[in-house]
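The exercises below ask you to place selected residues, judge their exposure and follow their side-chain partners. Each task is followed by a solution that goes step by step.

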Amino acid sequence: MTERGEVTSGEKDLVERVVGVGDPLTVGRFRYWFGMRRWEWSAEVARMHGYPADIEPTTELLLSHKHPDDRDRLEAMIVSVEDGGAFSSRHRIIDTAGRVREVLVVSEPMVDEDGAVTGTHGYYIDLSIAADEYRQEVLDDVLPQLVDARAVIEQAKGALMLAYGISTEQAFQVLRWRSQETNVKLRTVAQRVVAELPNVAGDEVKLRSRLDHVLLTLHNGIEPDAVG
């Protein structure tokens, strides 16, 4: 800090690095083909459920790991997906060791060359990881002069909280994950999320659908930034 309390360029660089790096979230990809009723998951999603990567998932297997209080809702949602519906959910799973994990599933339709919907694909995000207190402290206390950058991040967090029913810390983790995976600064990620809000004002279903799309296609049309 300078004596007048101004933020130096070095401190700005520090914040950009802090909000864009860190221990990665446990995130894994999945795909589901409607016609074949076939699932595919990455090694990360398999591990979330307690399996080695070579175990092939099925609808029955996935449902067997849903928390009993969430299972009926998710079974109905999967039926909807098989009929071409959207699929986004925050729920709990129980792995093979009996541990309860809170996950966020973000997906959008898969289409073929003719534009026909053939399935759905997206991410499982493990929300059970504790937030990084040091980085949050930097954002909240160490550099309070960066109000504008922090404000847009808070707006984006609020949008994710509303759309997915997650906590403020979990929303920050999701934003940081996309920053890491796309090599785009977290502030830019937040700006992209916030830019969608006027288009879906007052409609939570449309908000969730738009944010699913933004999170999955964030890298399109954005020049990657150095984040570390």
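**Exercise 1.** In this predicted model, determine in which helix His-49 is found, whether His-49 is buried or exposed, and what His-49 touches beyond residues up to four places away in sequence.

*Solution.* Begin with the secondary structure, where His-49 belongs to helix α2, which covers residues 43-49. Next take the accessibility: the relative value for His-49 is 0%, and since buried means under 20%, His-49 counts as buried. Then follow the side chain of His-49, which comes to 2.9 Å from the backbone oxygen of Val-45. Finally, with residues up to four places away in sequence set aside, His-49 touches Trp-41, Leu-62, His-65, Ile-93, Asp-95, Thr-96 and Tyr-124.

**Exercise 2.** Locate His-67 relative to α3 and α4, and work out which residues His-67 is in contact with once neighbours within four places in sequence are left aside.

*Solution.* The first step puts His-67 in the loop that runs between α3 (59-64) and α4 (68-82). The second step gives a relative accessible area of 15% for His-67, which is therefore buried. The third step, leaving aside neighbours within four places in sequence, finds His-67 in contact with Arg-92, Ile-93, Ile-94 and Val-100.

**Exercise 3.** State how many salt bridges the count comes to, and then examine the pair formed by Arg-29 and Glu-181.

*Solution.* The count comes to eleven salt bridges. In the one between Arg-29 and Glu-181, the closest N and O atoms are 2.8 Å apart. Because Arg-29 lies in strand β1 (residues 27-33) and Glu-181 in helix α7 (residues 168-182), this pair ties together parts that are 152 residues apart in sequence. Both partners are partly exposed, Arg-29 with a relative accessible area of 48% and Glu-181 at 38% relative accessibility.

**Exercise 4.** Analyse the salt bridge between Arg-92 and Asp-70, and then identify which residues are linked with Asp-95 in a network of salt bridges.

*Solution.* For Arg-92 and Asp-70, the closest N and O atoms are 3.2 Å apart. Arg-92 lies in strand β3 (residues 89-94) and Asp-70 in helix α4, so the salt bridge ties together parts that are 22 residues apart in sequence. Arg-92 is partly exposed, with a relative accessible area of 30%, whereas Asp-70, at 8% relative accessibility, counts as buried. Turning to Asp-95, which is buried with a relative accessible area of 3%, one finds that its side chain meets that of Arg-99 in a salt bridge at 3.1 Å, N to O. The network of salt bridges links Asp-95, Arg-99, Arg-101 and Asp-126.

How values were computed:
Residues are numbered from 1 along each chain as its sequence is written. This is a predicted model: local features need pLDDT of at least 70, side-chain atom pairs count only at pLDDT 80 or more; totals for chains, interfaces and linings use all residues. Side-chain values use heavy atoms; hydrogens and water are left out. Helices (H or I, at least four residues) and strands (E, at least two) are DSSP runs, numbered from the N terminus. Buried means under 20% relative accessible area, exposed over 50%, partly exposed in between (1.4 Å probe, protein chains only). Contact means heavy atoms within 4.5 Å. A polar contact is a pair of N or O atoms within 3.5 Å; within protein, one must be able to donate a hydrogen and the other to accept it, and residues adjacent in sequence count only if both atoms are side-chain atoms. A salt bridge is a side-chain nitrogen of Lys or Arg within 4 Å of a carboxyl oxygen of Asp or Glu.
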